[in-house]
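Grab a coffee and work through a few short exercises. Try each task yourself before you read the solution.

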Amino acid sequence: ATILQLEGVGMRYGATPALHDIDLRLTAGSFHFVVGPSGAGKTSLLRLLSLSHPPAEGKLVLFGRDVAKLDQEELAAVRRRIGVVFQDLRLLDHLSAFDNVALPLRINGASDEQISTSVSQMLTWLGLGDVLERRPAELSMGQRQLVAVGRAVMCRPSLLLADEPTSSIDQAKAQRLMHLFLSLSRLGTAVLFVTHAEQLVRRYPFPVLSMKDGRLRPPVPSVLPMSA
Ligand code: ADP
Ligand code: ADP
């Protein structure tokens, strides 16, 4: 099934163009890395796909719905199917790690018992079992990143957008995150993973979407060796 489709999409910050003529189709269960130099438009692409910033032109279809035709309530429903790890994380400062991760489950109406079990399991698996009650300011940057990942995946999103989620964590933790993302993609989540971590990109046989100057290049087939 098609999760998202972009046709000729452009995006601007005020008058300044940031993305040009993007065509992209993602199917359920697909996994793509997104790479490119700083300023290439990777974060802008995720802002566009997470419905944080509107397209300036072109067509954006998510879960079969043309986003331009949706009202506020329908947009909110679409957003709830998207898990996002923002580069700036956007954790809620006044909530504990546990409550940050629990938030999407609470919004979806899960019971306290379900929440208690699944959030504790997730945070323990991420190595945060000892810091459940700490607020973001009391966590390391890497721990905060893991909390943001936990929150993004907790509701098993149909689309997962992760903006450099491993930039502040060690290799072993990065492998754990990959495990988590891979198991989600096996369950049908389409995953877009923005990263500068070349060792991750090389280790996994997934297609690489390469961006430059606000444009998306055709994906490099994963069977070919990557050139620099
Ligand atoms: P990347 O994530 O690949 O580093 P970005 O998407 O952050 O690239 O940036 C793409 C272009 O858009 C850059 O020229 C950047 O300066 C510009 N840009 C990014 N965010 C904003 C913003 N909030 N306001 C104005 N310009 C922005
Ligand atoms: P990054 O690419 O590191 O994610 P962001 O795009 O999030 O950076 O931008 C960081 C901050 O700088 C934001 O507050 C954004 O509004 C601002 N910014 C980035 N690029 C520009 C730009 N070209 N013009 C104006 N503001 C920008």
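The exercises below look at a ligand site and at two backbone angles in a predicted model.

**Exercise 1. Work out which residues surround ligand 1 and which helix gives the most to that shell.**

Step 1: Collect the residues within 4 Å of the ligand. That brings in Tyr-13, Ala-18, Pro-37, Ser-38, Gly-39, Ala-40, Gly-41, Lys-42, Thr-43, Ser-44 and Arg-47.

Step 2: Sort them by type. You get four nonpolar, five polar and two charged residues.

Step 3: Look at the secondary structure. Helix 1, residues 42-49, is the top contributor, with four residues.

**Exercise 2. Find polar contacts to oxygen atoms of ligand 1, then say how much of the ligand the protein buries.**

Step 1: Check the backbone. A polar backbone atom of Gly-39 sits 2.7 Å from a ligand oxygen, and one of Thr-43 is 2.8 Å from a ligand oxygen.

Step 2: Now the side chains. Lys-42 puts a polar side-chain atom 2.7 Å from an oxygen of ligand 1.

Step 3: On its own, ligand 1 exposes 560 Å², and the protein buries 58% of that.

**Exercise 3. Place Arg-156 and Asp-213, which have positive phi without being glycine, and decide: buried or exposed?**

Step 1: Arg-156 has a phi of about 45° and belongs to the loop between helix 5 (141-153) and strand 7 (159-163).

Step 2: Its relative accessibility is 52%, and the cut-off for exposed is over 50%, so Arg-156 is exposed.

Step 3: Asp-213, with phi near 50°, is in the loop between strand 9 (208-212) and strand 10 (215-216).

Step 4: Asp-213 has a relative accessible area of 57%, so Asp-213 is exposed too.

Terms used. Residues are numbered from 1 along each chain as its sequence is written. Chains are lettered from A and ligands numbered from 1 in the order in which they are written. This is a predicted model: local features need pLDDT of at least 70, side-chain atom pairs count only at pLDDT 80 or more; totals for chains, interfaces and linings use all residues. Side-chain values use heavy atoms; hydrogens and water are left out. Helices (H or I, at least four residues) and strands (E, at least two) are DSSP runs, numbered from the N terminus. Buried means under 20% relative accessible area, exposed over 50%, partly exposed in between (1.4 Å probe, protein chains only). A polar contact is a pair of N or O atoms within 3.5 Å; within protein, one must be able to donate a hydrogen and the other to accept it, and residues adjacent in sequence count only if both atoms are side-chain atoms. Accessible areas come from the Shrake-Rupley method with a 1.4 Å probe; for residues, only the protein chains shown count as cover. Ala, Val, Leu, Ile, Met, Phe, Trp, Tyr, Cys and Pro count as nonpolar, Asp, Glu, Lys and Arg as charged, and the others, Gly among them, as polar.
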